[in-house]
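Here is a friendly walk through one protein model, meant to be read with the structure open beside you. Please keep the viewer at hand as you go.

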Amino acid sequence: MMIAVVMVTVAVPVHALQQAQPTQAPSLLDRLNAMMSGGKSAWSDDQLRTMERLRDRAMESDYAYEELRHLTDNIGPRLSGSPQAQKAVEWVADEMRKLGAEVTLEKAQVPHWVRGAETGELIAWPGQAAGTKQKIVLTALGGSVATPAEGITAEVVVVDSWKELRALPGGAVQGKILLFNHRFDKELAATGHGLQAYGGSVVYRGAGPIAAGAAGAVAVLVRSAGGGDYRSPHTGMTEYAPGATKIPAAAVTAEDAELLKSLTHEGKVTMHLTLTPQTLPNADSYNVIADWKGTEHPEQVVIVSGHLDSWDLGTGAIDDGAGVAVSMATLGLMKELGIRPKRTVRLIAWMSEEEGSEGAAQYMKDHAAEMKNHAGAIESDLGADHPTGIYFAGKPELGQWLRPVGQVLDAIGAGTLENAPETGEDIAGLTARGVPSFAPIQDSRFYFNYHHTAADTFDKIDKKHLNENAAIMAVLAYALADAP
Ligand SMILES: [Zn+2]
């Protein structure tokens with residue numbers, strides 16, 4: 001059950017948490033033959049030339065970068081149900097109409113959680129100078145309930161893991177504030193396995209309130225699920241078990257987690273915690289759908305997508321304004337170069353990925369009868385750093401088929417094709433229904449330093465890397481939409 005709960009809260013593709021299916025290795029001769037461009041290709045020389053034009057223009061263009069600047073600097077954070085989320089919906093729709101796309105807003109009900117005051121301070125600890133307090137830097141987790149307005153005061157208990165919690169004597173956590181001090185594995189992230197490092201931490205953020213509440217805690221703290229160490233807390237969705245007591249939940253910074261661990265090791269530590277978020281009734285919101293109509297099979301669609309909502313501490317530049325911007329750029333580049341593939345290229349700016357993927361769930365309901373017409377789906381939701389290629393979910397043969405596309409992208413260092421069971425949270429429903437799905441393989445070494453923090457802002461975007469992602473999105477979308 002915990003895994004199921006946590007899957008909902010992971011705000012990035014989960015494919016890298018799982019092993020790709022082993023496949024029978026082709027012989028060296030097969031591989032050499034396949035690597036030579038003279039091999040059979042699903043695409044004509046003209047089509048491959050079009051992919052090269054899309055790639056090259058994407059690398060020179062300002063479009064994705066300037067659209068992302070507006071989305072983040074002008075509109076700002078886009079929490080589900082917020083006025084900025086609504087403004088972003090209208091703005092993406094207008095921008096796509098300007099290109100000549102056919103735009104539809106598809107309604108979805110989304111959570112409407114609003115952050116309030118959030119403060120923490122130690123009021124008693126071993127070695128305290130008389131009359132002093134110590135600030136604890138923290139932020140409420142998405143969906144958290146509030147403390148009373150005047151806050152709560154309780155002793156802090158620190159555990160590093162579920163195992164340590166289970167080993168505590170009965171009643172050890174009763175009436176206390178429990179901190180899960182699970183360290184984000186920076187070494188794992190540094191080797192390019194950011195998602196795995198996040199996966200190890202995010203389970204505590206997702207399920208911490210359930211476990212702490214069951215143990216009798218009056219509030220729960222989790223160590224931030226990220227690699228940043230500038231005393232910046234990392235928010236994100238958390239979960240409560242149906243019917244169980246809901247306790248207030250916040251993330252403390254890595255530094256404050258270390259402080260609490262150190263002081264509680266010496267003796268009793270008492271903390272005053274105030275969190276006043278509100279959970280308002282669900283709000284009406286929208287997925288933005290913009291169709292770049294196909295010339296031969298307009299009813300068949302290839303999706304390019306990112307999620308439009310974001311957390312509220314920063315402005316959601318890397319998570320996931322970038323994914324929306326490179327999807328917008330796909331249509332922008334096709335307009336600019338006068339390219340109309342045979343099938344429709346459909347931009348989707350998904351709503352409320354962060355708070356439970358309500359937009360994606362609604363799309364699956366509304367379009368259930370049209371699954372056969374979905375030729376492919378791409379989502380970018382792991383930032384905007386250098387991409388090294390394409391993850392694909394589908395039959396292993398899909399990788400072989402995509403090889404000419406990989407060769408086009410090889411010129412920008414993005415020619416790798418890697419099979420993965422899943423590609424993106426919003427397109428997971430499509431993947432499960434057998435729609436081939438794809439995601440850029442993004443460099444995740446630094447993503448989780450900023451993800452869900454106040455530092456997820458436009459300045460983190462490297463234009464060249466963003467354009468590489470736009471190139472993957474546009475080239476792959478064209479390849480899928482114009483393939484025989
Ligand atoms: Zn995201």
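## Two glycines in loops

A residue is called buried when its relative accessible area is under 20%, exposed when that value is over 50%, and partly exposed in between. Keep in mind that this is a predicted model. Gly76 has a relative accessibility of 5%, so Gly76 counts as buried. You will find Gly76 in the loop between α4 and α5, the latter covering residues 83-99. Leaving aside residues up to four places away in sequence, Gly76 touches Leu71 and Thr315. If you would like a ruler across the model, the C-alpha atoms of Gly76 and His465 are 22 Å apart, with their positions 389 residues apart in sequence.

Now turn to Gly415, in the loop that runs between α13 (403-409) and β15 (416-419). With a relative accessible area of 21%, Gly415 is partly exposed. Its contacts, again not counting residues up to four places away in sequence, are Thr388, Gly389, Gly406, Leu409 and Asp410. Gly415 and Arg433 are 18 residues apart along the chain, and their C-alpha atoms are separated by 27 Å.

## How α4 meets α16

Two packed helices are described by the angle between their axes and the distance between the axes. Here, α4 (residues 63-75) packs with α16 (residues 463-482) at an angle of about 110 degrees, and the axes are 9 Å apart. Angles of 65 to 115 degrees count as roughly perpendicular, and α4 and α16 are therefore roughly perpendicular to each other.

Which residues make the contact? On the α4 side they are Ala64, Tyr65 and Leu68, while α16 brings Lys463, Leu466 and Asn467. Sorted by class, this contact has four nonpolar residues, one polar and one charged.

## The nonpolar cores

The largest nonpolar core has 82 residues, and the members that touch the most others are Val92, Met96, Leu308, Leu331 and Ile461. Helix α16 gives the most to this core, with 13 residues. Try selecting Met96: beyond residues up to four places away in sequence, Met96 touches Tyr63, Ala101, Val103, Ala290, Met328, Leu331 and Leu347.

Another core lies apart from the largest one. This other core has 26 residues, including Ile136, Ile152, Ala154 and Ile177.

## Salt bridges

How many salt bridges does the model contain? The count comes to 24. One of them joins Arg115 and Glu118, whose closest N and O atoms are 2.9 Å apart. Arg115 counts as buried because its relative accessibility is 17%, whereas Glu118 is partly exposed at 21%. Asp459 and Lys460 also meet through their side chains, at 2.7 Å from N to O. In that pair Asp459 is exposed, with a relative accessible area of 57%, and Lys460 is partly exposed at 24%.

Some charged residues are linked further: Glu102, Asp291, Lys293 and Arg346 form a network of salt bridges. Within this network, the side chains of Lys293 and Asp291 meet at 3.9 Å, N to O. Is Asp291 buried or exposed? Asp291 is buried, with a relative accessible area of 7%, while Lys293 is partly exposed at 30%.

Terms used
Residues are numbered from 1 along each chain as its sequence is written. This is a predicted model: local features need pLDDT of at least 70, side-chain atom pairs count only at pLDDT 80 or more; totals for chains, interfaces and linings use all residues. Side-chain values use heavy atoms; hydrogens and water are left out. Axes are lines fitted to C-alpha atoms, for helices over the stretch in contact, and angles run from 0 to 180 degrees between N-to-C directions. Helices (H or I, at least four residues) and strands (E, at least two) are DSSP runs, numbered from the N terminus. Angles under 35 degrees count as roughly parallel, over 145 as roughly antiparallel, 65 to 115 as roughly perpendicular and the rest as oblique. Contact means heavy atoms within 4.5 Å. Ala, Val, Leu, Ile, Met, Phe, Trp, Tyr, Cys and Pro count as nonpolar, Asp, Glu, Lys and Arg as charged, and the others, Gly among them, as polar. A salt bridge is a side-chain nitrogen of Lys or Arg within 4 Å of a carboxyl oxygen of Asp or Glu. Buried means under 20% relative accessible area, exposed over 50%, partly exposed in between (1.4 Å probe, protein chains only). A nonpolar core is a set of buried Ala, Val, Leu, Ile, Met, Phe, Trp, Tyr and Cys residues joined through side-chain atoms within 4.5 Å.
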